[in-house]
Every structure is written in C-alpha cells, then in structure tokens.
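Open the model in your viewer and keep the selection panel at hand. The stops below say what to select and what is there.

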Amino acid sequence: MRIAATADLHFSPQSYDRIREQMNRVRDEADLLILAGDLTNYGRPQEMESLLNALVRIRVPIVAVLGNHDYESDQQEELMRMMTAEGVKVLDGTGYERDGVGFAGTKGFIGGFGRGVLTAFGEREIKTFVQAAIDEALKLERALSQLRVEKRIVVLHYSPIASTVKGEAPEIFPYLGTSRLAEVVDRHGADLVVHGHAHHGTPDGVTVGGIPVHNVALGLLQAHQPPCAYRIFDV
Ligand SMILES: [Fe+2]
Ligand SMILES: [Fe+2]
C-alpha cells in the first residue's frame, strides 16, 4: 500500500490554495491519505466544514487524528462527528484495518522525552497533567492491541521522540511530545510512526527500539525543495 501523510494543515481557504493542486493529485500517488492532526486553527466547526468540502474532492480514503488546535474551541466531538459523516476514519485511541494494513491512532500529549519525562509527583495539578499523557499512551496501547494485521502504522499528532522535534527551540521540546508514546510503540511494534505538531522539526528519526518515526508537519514539508504537501510511504 502506498500511503500519503501530512499534518498541520491549519486550514484556511488561503493556506489551502497553496497546496490544493498537490492535494488533488494525491489520488494518483497513494491509496490512502493520513492527516496527523491540527486540521484547523481554532477547532471551529465552520473551519472543519470548509476543509471537508476541499477534502471530499480528492477522493481518496482518509485516516486522521485530531491535534491540539482542533481542541481549542472544545468542539472536538462535533469535529469528529462531521469528519466521520464525510467518510474520514478518525482515530482516537482506536485501530482501523484496510487492505491488510493496520492504523493505530491517537492525538498523544506532551510531557518531555527520555530522562526529561515529567513524572506524577507533588502537586495535584502536576499529577493531573501527567495523567493526561498516561491516558493518551494507554489509548495508543488500546489502539495497537485492536489490530490483527502484521503491518502497522501509528498515527499521532504529538511526537513520540525528541529527534524529530530538533529544529524547534530546545526550551519547548517538552511541549512537543512525550516518549511515553514511544514506549508503547516499541512494546507493541509497528512499521512506522507519523506525527505532526513540530512545524520546524526534523523529518526522520527512530525510537529506542528502532522503529522509524516521521514528522510530516506541513510547514516542514513546504520547507523541503521542491515544496510538497505530503510524504509517501510504501508499506
Ligand atoms: Fe500545528
Ligand atoms: Fe499541534
């Protein structure tokens, strides 16, 4: 299967105009399109409606997770309902199989990497924050355990490793993802992970367990020469 993957469209009609032509070609190059979160800027249903109007034209199966921007208006449930109604497979701690390939997806969360992972100690507020990261890791675990096929793609918004956020200011690394997600990926195994969120990160990295991780944030893809709207992966 040939999979196209992108993230962080942060949809507006003007910004989509820059990639519309390429997006309309995705069908010729891939069997399926992954959208790894931050589909909108403010998580408003009107933004999602405009984006879906554009996406139905590309006539390719779409698998998506939401990103932090899609939660901004606290209308994420409505956004997911709208996407599902248009045939987009939204993953939120769930797995999906198509043509022998499994997709396990969730938004993920922040909290830092490696020795810098924030732990649940001290104030209740810290524990609540850390619990949100643990909950997302558990959702990913549940999604992966639902898959019955050998080929597995993990879809996240936040990064599971530090190396694909390099390029961003080091001060904000802990807000770009958490290796709690990578621990789950390594435990369950996967062919590859795609994520977004780190618009100025690094395209490719690998987990401690050796699983390839790809940052497909649109900003990064557009900085590429020649600029592209998505990356293609053969699985
Ligand atoms: Fe983003
Ligand atoms: Fe984001």
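**Stop 1: a buried acid**

Select Glu47, which is buried (under 20% relative accessible area, with exposed over 50% and partly exposed in between; 1.4 Å probe, protein chains only). Glu47 has no salt bridge (a side-chain nitrogen of Lys or Arg within 4 Å of a carboxyl oxygen of Asp or Glu). The nearest side chain of opposite charge, Arg44, is 5.0 Å away, where Lys and Arg count as positive, Asp and Glu as negative, and His and the chain ends are not counted. Glu47 is found in helix H4; helices (H or I, at least four residues) and strands (E, at least two) are DSSP runs, numbered from the N terminus. Show its contacts (heavy atoms within 4.5 Å): leaving out residues up to four places away in sequence, Glu47 touches Phe11, Thr40, Asn41 and Tyr42.

The model is predicted: local features need pLDDT of at least 70 and side-chain atom pairs pLDDT 80 or more, while totals for chains, interfaces and linings use all residues. Residues are numbered from 1 along each chain as its sequence is written, chains are lettered from A and ligands numbered from 1 in the order in which they are written, and side-chain values use heavy atoms, without hydrogens and water.

**Stop 2: the first iron ion**

Select the iron ion (ligand 1). Which residues donate to it? Asp8 (OD), His10 (NE2), Asp38 (OD) and His199 (NE2) lie 2.0 to 2.2 Å from the ion. Donors are N, O and S atoms within 2.8 Å of the metal (3.2 Å for Na, K and Ca); water is not among the atoms, so sites may look incomplete. The 4 donor atoms subtend angles of 88 to 170°, which makes the arrangement irregular. Four donors count as tetrahedral if all angles lie between 85 and 135 degrees; four count as square planar and six as octahedral if opposite donors are over 155 degrees apart and all others between 65 and 115; anything else is irregular. Asp8 and Asp38 are both buried.

**Stop 3: the second iron ion**

Move to the iron ion (ligand 2), 3.4 Å from the iron ion (ligand 1); Asp38 coordinates both. Its donors are Asp38 (OD), Asn68 (OD1), His157 (NE2) and His197 (ND1), at 2.1 to 2.2 Å. His157 has 0% relative accessibility and counts as buried, whereas Asn68, at 26%, counts as partly exposed.

**Stop 4: helix H7**

Select residues 179-188, helix H7. Its buried residues include Leu181 and Val184. Among the elements covering them are helix H6 (124-146) and strand S7 (151-156). Just after H7, Gly189 takes a positive phi of about 80°.
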